[in-house]
Amino acid sequence: MNIIEVNKIFRKCIIKGYFEPNLMKLDFKKSNVKHPKIHGDGLMQSNILHLFFDIDTGSDYPDGDEWFMAEFLFPYSIKIPDNLKGPDYFTTLSVEEGKNFWHHREILRYKYGKAKKLTESLAFLETKYKELYSLLKPLEKEVS
């Protein structure tokens, strides 16, 4: 096996064995939305924001077993306020001709050398989800 395959397997195991079950304990549930670029199921607490795990990005890095990308997806092709646009919040994700979804990506580093930071990483995911959801909540009526 090469480093890419090993890192993808390790990341998938961490996600399926730790992050998903613990997020489910925090009232997340399986998402019915399919991500246009990431394979696998997502999680959600609200139908307007979905969390996916990108195990491909950076899997070729030697420390790729210590982190992965979390992607928060707002799966609607609508205009959002300018204050929500940009790398701190949401950028566009092309899905089909003329349509875009909105997404936000965060690196999730759950291990620093030999120190595991799983609890802190889980808390970060939950906090970031709540922050982004609170920004999108006013748009909920537009997408219902």
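Among contacts between residues at least 6 apart in sequence, what share join residues at least 24 apart? In this chain, 59% do. Keep in mind that this is a predicted model.

Let's start with the overall layout. The chain has 3 helices and 8 strands. Follow the sequence and the pattern reads α-β-β-β-β-β-β-β-β-α-α. The radius of gyration is 15 Å, close to the 15 Å that the globule rule gives for 144 residues, so the chain is as compact as a globular protein of that length. Along its principal axes, the C-alpha trace spans about 45 × 35 × 25 Å.

Now the inside. Buried residues make up 44% of the 144 residues. A bit of background here. In soluble globular proteins, nonpolar side chains tend to be buried together.

So which residues touch the most other members of the largest nonpolar core? They are Phe19, Phe53, Phe74, Phe90 and Leu125. This core holds 33 residues. Several elements give two or more residues to it. On the helix side, these are H1, residues 3-25, and H2, residues 118-136. On the strand side, they are E2 (43-46), E3 (49-54), E4 (67-74) and E6 (99-109). H2 gives the most, with 7 residues.

Find Phe74 on the screen. Leave aside its neighbours within four places in sequence. Phe74 is then in contact with Ile48, Leu49, Ile80, Phe90, Phe101, Trp102, Leu136, Leu139 and Val143. Phe90, in that list, is also one of the residues that touch the most other core members.

Apart from the largest core lies another one, of 6 residues. Its members include Ile38, Phe52, Leu73 and Phe101. Phe101 is also on the contact list of Phe74.

Next, the outside. The accessible surface of the chain comes to about 8100 Å². Carbon and sulfur atoms account for 54% of that surface. As for charge, count 22 positive and 21 negative side chains. The centres of the two sets lie 3 Å apart.

One last stop: Asp27. Where does Asp27 sit? Asp27 is in the loop between H1 and strand E1, residues 29-30. Is Asp27 buried or exposed? Its relative accessible area is 63%, and exposed means over 50%, so Asp27 is exposed. Look at its backbone too. Phi of Asp27 is near 70°, a positive value in a residue other than glycine.

To recap: a core of 33 residues, another of 6 residues, and an exposed Asp27 in the loop after H1.

Key: Residues are numbered from 1 along each chain as its sequence is written. This is a predicted model: local features need pLDDT of at least 70, side-chain atom pairs count only at pLDDT 80 or more; totals for chains, interfaces and linings use all residues. Side-chain values use heavy atoms; hydrogens and water are left out. A nonpolar core is a set of buried Ala, Val, Leu, Ile, Met, Phe, Trp, Tyr and Cys residues joined through side-chain atoms within 4.5 Å. Buried means under 20% relative accessible area, exposed over 50%, partly exposed in between (1.4 Å probe, protein chains only). Helices (H or I, at least four residues) and strands (E, at least two) are DSSP runs, numbered from the N terminus. Contact means heavy atoms within 4.5 Å. The radius of gyration is taken over C-alpha atoms; the globule rule is 2.2 Å times the number of residues to the power 0.38. Accessible areas come from the Shrake-Rupley method with a 1.4 Å probe; for residues, only the protein chains shown count as cover. Lys and Arg count as positive and Asp and Glu as negative; His and the chain ends are not counted. The place of a charge is taken as NZ of Lys, CZ of Arg, CG of Asp or CD of Glu.
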